[in-house]
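Work through the exercises below with the sequence and the model open. Each task is followed by a worked solution.

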Amino acid sequence: MTHQDLKKHRRYGPRVRLITLDGCMAVEKTYREAMPPVRLLGALLIAWERFIYSRLAGIEGIPEVLPCPDRLTLTTRFMGGTNLKEADPAPDVSYFDALERLISNMHRRGVIHLDLRNRRNYGIDDRGGPYLVDFATCLYIPWNTKVRKPFEAIDWMGFAKVKHKLQPGRLDPREEEMYSLGMRLSSWWIPTRALRTIRKLVKRR
C-alpha cells in the first residue's frame with residue numbers, strides 16, 4: 001500500500017491521502033495521527049460523513065465508500081482527475097451543467113453540502129465529469145419543507161460563485177440572482193469585512 005498526501009496536514013485536522021489499496025486507488029481521510037481531543041471529534045465527524053455517503057449512495061458523481069479499518073478513518077474510491085482549484089484549463093460549461101444536476105440530485109436525497117464556495121470540494125474525473133467530496137460539515141434534512149430551501153440556497157450561491165469565476169458571463173438569470181445574493185451576504189458578514197480591511201492595511205505598507 002502506497003501513500004501520497006492530498007493536502008497539507010495540520011494537527012487539528014485529518015490527514016487526507018491518496019492510497020493504493022488492493023490494486024484500487026482510494027482516498028483515505030483519517031484522524032489516527034491527531035491529538036486525543038481531536039481524535040474524539042474526528043470519530044464523530046467520520047461517523048457523520050459515512051452516514052451522509054450512505055444517503056447519497058448510487059448517485060453519479062458521489063464517491064463510493066470502501067471498507068474502513070477503524071472508526072477514525074473514512075476510505076472512498078478515488079474518482080481520478082483533479083479539483084477545480086487546481087484545474088488548468090478550467091472545465092467548459094458542459095461540466096457545470098452536469099454539476100448542477102449532481103447538486104440537484106444531492107438535494108433530493110436531503111443532503112445540503114454548505115461548503116460549495118470551496119473549489120477544492122469539486123472534482124473533475126478522468127472523463128471530465130463532476131464529483132463532490134468532503135461532506136463532514138453538511139446538513140441532512142430529508143423532509144422537503146420550506147425549512148430546507150434557505151440551506152439549499154447556500155449551496156446554489158456557492159455554485160454560482162465558482163461558475164462565475166471559471167466561466168464568467170455564462171450564468172443564467174437564476175444563477176446571476178444567486179451570485180448577487182451571495183456577494184451581498186458575503187459583504188455583510190463581519191469576518192469577511194474585517195479580512196478585507198486587514199488586506200488593505202497590509203497593501204498600504
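**Exercise 1.** In which sense do strand 2 and strand 3 pair, and over how many bridges?

Solution. The model used here is predicted. Start with the pairing: strand 2 and strand 3 run antiparallel, with 7 bridges between them. Next, take one position: Leu18 stands opposite Val27 of strand 3. Last, look at the connection: 2 residues lie between the strands of this hairpin, and Asp22 in the turn has a positive phi of about 55°.

**Exercise 2.** Find what joins strand 3 to strand 5, then state how far strand 3 is enclosed.

Solution. Strand 3 and strand 5 are antiparallel and are joined by 5 bridges. Within this pair, Ala26 stands opposite Arg77 of strand 5. Now apply the burial cut-off, under 20% relative accessible area. Of the 7 residues of strand 3, 6 are buried, so the strand is largely enclosed by the rest of the structure.

**Exercise 3.** Describe the largest pocket by volume and lining.

Solution. Its volume is about 1,100 Å³. The lining has 37 residues, and Lys7, Val16, Arg120, Val133 and Asp134 lie nearest the centre. Elements giving two or more residues to the lining include strand 2, strand 3 and helix 1. By class, the lining holds 17 nonpolar, 10 polar and 10 charged residues.

**Exercise 4.** Which residues have the most contacts inside the largest nonpolar core?

Solution. The core has 37 residues, and those with the most contacts inside it are Leu99, Tyr122, Leu132 and Phe135. Helix 3 gives the largest share, 7 residues. Then follow Leu132: beyond its neighbours within four places in sequence, its contacts include Leu99, Leu102, Ile103 and Tyr122.

Key:
Residues are numbered from 1 along each chain as its sequence is written. This is a predicted model: local features need pLDDT of at least 70, side-chain atom pairs count only at pLDDT 80 or more; totals for chains, interfaces and linings use all residues. Side-chain values use heavy atoms; hydrogens and water are left out. On a 1 Å grid over the protein atoms alone, a cavity is a set of points where a 1.4 Å probe fits but cannot get out, and a pocket is an open set with protein on both sides within 12 Å along at least five of seven lines; lining residues have an atom within 4 Å of a point. Grid points are joined across faces, edges and corners, and a volume is the space filled by probe spheres set on the points. Helices (H or I, at least four residues) and strands (E, at least two) are DSSP runs, numbered from the N terminus. Ala, Val, Leu, Ile, Met, Phe, Trp, Tyr, Cys and Pro count as nonpolar, Asp, Glu, Lys and Arg as charged, and the others, Gly among them, as polar. A nonpolar core is a set of buried Ala, Val, Leu, Ile, Met, Phe, Trp, Tyr and Cys residues joined through side-chain atoms within 4.5 Å. Buried means under 20% relative accessible area, exposed over 50%, partly exposed in between (1.4 Å probe, protein chains only). Contact means heavy atoms within 4.5 Å. Two strands pair if DSSP finds at least two bridges between them.
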